[in-house]
Amino acid sequence: MARSKFKAEVLTPEGEVFNDEVEMVSTRTVTGSIGVLAHHAPLLAILEPTELRLYTSESDYTSFVQSEGYLQVADNEALLLVEDAIEPDKLDRSKFEGRLESARETLESAEEGSEERARCERDIKRFEAFLEAADNSGSPSS
Amino acid sequence: MASQRDVKNRISSVKNIQKITSAMEMVAAARLRKAEQRIEELRPYASAIRRMTRRVVEAAEHVPDLPILEEHDSTDKVGLLLVTGDRGLAGAFNSQIIRAGNRRRGELREEGTDVLWYASGRRGVSSIEFRGYGLENGYTGFTDRPAYDDARTIADDLTSAYTDGKLDRVEIIYNGYISPLTQEVRSEVLLPMQQIEFLAEEGDEEGESDGEGKDDGADDPGHHKTLWIYEPDPEEILRRLIPDYVEISIFRALLESTASEHGARMTAMRSASDNASDLIDDLTLEANRVRQAEITQEIMEVVAGAEGLR
């Protein structure tokens, strides 16, 4: 049975990347994976870097690699504010591999307990999630 | 007096320059349109973040004590971020930023504060290095089309320097975009962040978000608190939301600077093309005069020769 649909919008600082009716939004918040269906209770959550899936039907979905952001569900509308949302096949692997490498190097030299260190850890987490998400979503519809 | 050939050479070289400047003008005009669009595209995101923050602040018991909100006890070291372009030939675009930075440096030194330099854009970087001021960090290669990632890198550098006590205040100097013809040098304090920035109700943004914003402020704020699920709790969300403002401010400054750069280049190149055609007119006149003088000269010589034979 087809699920009822609701509006989902994905906004990044560089513009809107998705705005359509969906059946389910599947993503990950800091507390864990989450799937949002229609008529979800109002929710505000911090998103983690992961693969974002917007199911337009049971089997069809649009997929993005998302970085940190926020998810707001209200009035049967999901609004995702993410810093980056990249289509998996457009993700430049080598670029993120290089940046992951340099973030790791900086981490080595960063002082214990400094903000710089915390930031490197965040960066590493993000790049790793990007690469992982890009691997997982290699073949859509599977 | 210049010979006919000299003048003709000058005319053709001015014509070549004119071709280049008018091509650059057209390229700048096309890029300006794109840059304007990107400023527009940031707006929905920024205002959505703003609305969300306001809601979370209402739900949170108190705004958490974040290092970037705290003012340092004394201001000994100020970070100046100059936003310039990677390329020149854009009128006063780069030089007015560098001049403003220099002026600010003078003011700060009188107060006895050290200045640490940060710059985006090759022009700013090289000018600071040339003056031997010592550059903390330079960011280049993206001013034609800044990505959010670039803003994040800069914001991360500055906030971690601020949090770790390497800087006591951070100011940004950039070209604010008003119209293709006018840009103004803007100087803003980035850190410590002013709470007003994210708590303020922005009149114009409220108006524009009318349709969507109705559920936000219209009904009782206490109402939300009971109904909304926050993951994690509102204070934690604020801890993440507030630093985003620094990123967004920098990103907006980068975008406006890019639009200003293209606007300034377009204007500069247009007046260069105009000047070139004035110059061509003058030179053509000169060429005709030279040619006429040569003809007159020859006639006089012929007449004088005929006189002599008589």
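Let's start where the two chains meet, at helix α2 of chain A and helix α4 of chain B: these two are roughly antiparallel to each other, because the angle between them is about 150° and angles over 145 degrees count that way, with under 35 being roughly parallel, 65 to 115 roughly perpendicular and the rest oblique. Their axes lie 8 Å apart. An axis here is a line fitted to C-alpha atoms, for helices over the stretch in contact, and the angle runs from 0 to 180 degrees between N-to-C directions. Helix α4(B) covers residues 148–163. Helices (H or I, at least four residues) and strands (E, at least two) are DSSP runs, numbered from the N terminus.

Before going on, a word on what we are looking at: this is a predicted model, where local features need pLDDT of at least 70 and side-chain atom pairs count only at pLDDT 80 or more, while totals for chains, interfaces and linings use all residues. Residues are numbered from 1 along each chain as its sequence is written, chains are lettered from A and ligands numbered from 1 in the order in which they are written, and side-chain values use heavy atoms, with hydrogens and water left out.

Back to our pair of helices. Which residues make the contact of α2(A) with α4(B)? From α2(A) come Glu115(A), Glu116(A), Arg119(A), Arg122(A), Asp123(A) and Arg126(A). From α4(B) come Asp149(B), Arg152(B), Thr153(B), Asp156(B), Asp157(B), Thr159(B), Ser160(B) and Thr163(B). Contact means heavy atoms within 4.5 Å. By class, that gives no nonpolar, four polar and ten charged residues. Ala, Val, Leu, Ile, Met, Phe, Trp, Tyr, Cys and Pro count as nonpolar, Asp, Glu, Lys and Arg as charged, and the others, Gly among them, as polar.

Now let's look at chain A by itself. Chain A has two helices and ten strands, and along the sequence the ten strands are followed by the two helices. Its C-alpha atoms fill a box of roughly 55 × 30 × 25 Å along the principal axes. Of its 142 residues, 51% are buried, where buried means under 20% relative accessible area, exposed over 50%, and partly exposed in between, with a 1.4 Å probe and protein chains only. The accessible surface of chain A is about 6600 Å², and 43% of that belongs to carbon and sulfur atoms. Accessible areas come from the Shrake-Rupley method with a 1.4 Å probe, and for residues only the protein chains shown count as cover.

The two helices of chain A also pack on each other. Helix α1(A), residues 93–109, and helix α2(A), residues 115–136, meet at about 155° with their axes 9 Å apart. That makes α1(A) roughly antiparallel to α2(A). On the α1(A) side the contact includes Phe96(A), Leu100(A) and Leu107(A), and on the α2(A) side it includes Ile124(A), Phe127(A) and Leu131(A). The class count is nine nonpolar, one polar and ten charged residues.

Here is one residue to find in α2(A): is Arg117(A) buried or exposed? Arg117(A) is buried, with a relative accessible area of 19%. Leaving out residues up to four places away in sequence, Arg117(A) touches Leu107(A), Ala110(A), Glu111(A) and Glu112(A). The C-alpha atoms of Arg117(A) and Phe6(A) are 41 Å apart, and these positions lie 111 residues apart along the chain. To put that precisely, Arg117(A) and Phe6(A) are 111 residues apart along the chain.

On to chain B, which has nine helices and six strands. Buried residues make up 45% of its 310 residues. Its accessible surface comes to about 15800 Å², with 50% belonging to carbon and sulfur atoms. Among contacts in chain B with a separation of 6 or more, 78% join residues 24 or more positions apart.

Within chain B, helix α2(B), residues 93–110, packs against helix α3(B), residues 122–131, at about 45° with their axes 10 Å apart. The two are therefore oblique to each other. Asn94(B), Ile98(B) and Asn102(B) of α2(B) meet Arg123(B), Gly124(B), Ser127(B) and Arg131(B) of α3(B). By class, this contact has one nonpolar, four polar and two charged residues.

In α3(B), Gly124(B), Val125(B), Ser127(B) and Ile128(B) are buried. Their cover includes β1 (77–83), α2, β2 (114–120) and β3 (135–139) of chain B. Just after α3(B), Gly132(B) takes a positive phi of about 70°.

Last stop: Ile295(B), in helix α9(B), residues 234–309. At 38% relative accessibility, Ile295(B) counts as partly exposed.
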